[in-house]
Amino acid sequence: MRRAGISTKEFRELASEVAALLTYEATQDLETVEEHIDGWAGPLVVQRIKGAKVTIVPILRAGIGMLPGVLDLIPAAKVSVVGLQRDEQTLKPIAYYEKLTGRMDERIAMIVDPMLATAGTLVATVDMLKAAGCRRIKGLFLVAAPEGLKRIEAAHPDIEIYTAAIDERLNEHGYILPGLGDAGDKIFGTKQLPADD
């Protein structure tokens with residue numbers, strides 16, 4: 001995923017695959033119950049998530065790239081959407097869209113976004129979810145910066161964070177180093193990359 005010339009297709013596939021792996025880790029602690037089903041060789045007992053209502057919360061736009069991998073593992077999850085972008089001058093989040101599913105007080109929210117950099121966007125998203133009544137929130141990220149992890153821990157110590165990599169640091173512009181580059185552009189193919197000819 002870190003290759004400069006990675007194609008949009010490859011980046012999307014890898015983002016989805018890593019998102020599925022993070023989802024597996026993030027759902028391990030959910031309570032399960034036995035369910036009796038008819039299998040191909042007869043009746044059997046399987047485990048399913050016990051009444052947990054899950055909503056996946058992709059942060060627009062790049063978070064959408066992780067959505068397929070998450071939904072592969074939790075196909076019945078509702079999808080809530082939050083639109084926040086970072087002001088490149090102040091590095092502060094600006095909200096432009098919020099559409100949450102109902103009964104947030106009964107749901108586990110799983111925020112998905114490829115990058116956890118300054119955590120400004122994440123803190124704002126958690127604030128929105130808590131204001132809507134959500135009490136249990138997890139965040140799934142492909143790459144995180146130590147500065148962002150410290151900030152979310154200080155602002156919301158109750159949030160569970162799952163990341164595939166903790167990178168070295170943020171640069172003076174608030175970008176993760178070594179990072180992935182602009183994950184949104186790579187997912188949506190909005191910047192011409194050498195491999196996209």
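Colleague: In which sense do β3 and β5 pair?

Modeller: This is a predicted model, so the pairing is that of predicted coordinates. Leu60 has Gly83 as its bridge partner in β5. Two bridges link β3 and β5, and their sense is parallel.

Colleague: β5 also pairs with β6. How many bridges join them?

Modeller: Leu84 stands opposite Ala95 in β6. The two strands, β5 and β6 (residues 93-99), run antiparallel. The number of bridges between them is six.

Colleague: Is β5 largely enclosed or largely open?

Modeller: Strand β5 covers residues 81-86. Buried means under 20% relative accessible area. Five of its six residues are buried, so β5 is largely enclosed by the rest of the structure.

Colleague: Which residue stands opposite Asp38 in β2?

Modeller: Strands β1 (residues 32-39) and β2 (residues 42-49) run antiparallel, joined by eight bridges. They form a hairpin, with two residues between the strands. The residue opposite Asp38 is Pro43.

Colleague: How confident is the prediction, and where is confidence highest in the chain?

Modeller: The average pLDDT of the chain is 89, and 95% of the residues score at least 70. Confidence is lowest in helix α5 (residues 183-188), with a mean of 83. It is highest, at 97, in strand β9 (residues 136-144).

Colleague: Which element gives the largest share of the largest nonpolar core?

Modeller: That core has 29 residues. Leu22, Val54, Ile56, Met66, Met110, Leu140 and Leu142 have the most contacts inside it. At least two residues each come from α1 (8-26), β3 (53-60), α2 (67-73), β7 (107-112), β9 and α5. The largest share, six residues, comes from α1.

Colleague: Which residues does Ile56 touch, leaving aside those up to four places away in sequence?

Modeller: Ile56 is one of the residues with the most contacts inside the largest core. Its contacts include Leu67, Val70, Leu71 and Ile74. The rest of the list is Ala77, Lys78, Val79, Ser80, Met110 and Val112.

Colleague: How many residues does the other core have?

Modeller: This core lies apart from the largest one. Its members include Ile111, Ala124, Phe141 and Ile159. Nonpolar side chains tend to be buried together in soluble globular proteins. The other core has 21 residues.

Colleague: How far does α3 reach from its first C-alpha to its last?

Modeller: Helix α3 has twelve residues. At 1.5 Å a residue, the expected span is 16 Å. The helix comes close to that, reaching 17 Å.

Colleague: How many residues of α3 are buried?

Modeller: The buried set includes Gly120, Thr121, Leu122, Val123 and Ala124. Thr125, Val126, Met128 and Leu129 are buried too. The helix is therefore largely enclosed by the rest of the structure, and the buried count is nine of the twelve.

Colleague: Which residue follows α3, and what is its phi?

Modeller: The residue is a glycine, Gly133. Its phi is positive. The value is near 105°.

Colleague: How far is the backbone nitrogen of Gly120 from a polar atom of the side chain of Thr118?

Modeller: Thr118 lies in the loop between β8 (115-116) and α3 (120-131). It counts as buried, at 14% relative accessibility. The distance to the backbone nitrogen of Gly120 is 3.3 Å.

Colleague: Ala119 lies in that loop as well. What is its phi?

Modeller: Ala119 counts as buried, at 4% relative accessibility. Its phi is positive, although Ala119 is a residue other than glycine. The value is near 75°.

Colleague: Is Arg103 buried or partly exposed?

Modeller: Arg103 lies in the loop between β6 and β7. It is not a glycine, yet its phi is positive, about 50°. Its relative accessible area is 47%, so Arg103 is partly exposed.

Colleague: Which residue does a cis peptide bond join to Leu60?

Modeller: The omega of this bond is about 0°. The partner sits in the loop between β3 and α2. It is Arg61.

Colleague: What is omega for the peptide bond from Leu177 to Pro178?

Modeller: Pro178 is found in the loop between β12 (176-177) and α5. The bond from Leu177 is cis. Its omega is near 0°.

Conventions
Residues numbered from 1 in each chain as written. Predicted model: local features only at pLDDT ≥ 70, side-chain atom pairs only at ≥ 80, totals over all residues. Heavy atoms only, no water. pLDDT = per-residue confidence, 0-100. Helix = DSSP H or I, 4+ residues; strand = E, 2+ residues; numbered from the N terminus. Pairing = 2+ DSSP bridges. Core = buried A, V, L, I, M, F, W, Y, C linked by side-chain atoms within 4.5 Å. Buried < 20%, exposed > 50% of the residue type's maximum accessible area, 1.4 Å probe, protein only. Contact = heavy atoms within 4.5 Å. Polar contact = N/O pair within 3.5 Å; in protein donor to acceptor, adjacent residues only side chain to side chain. Expected span 1.5 Å × (residues − 1).
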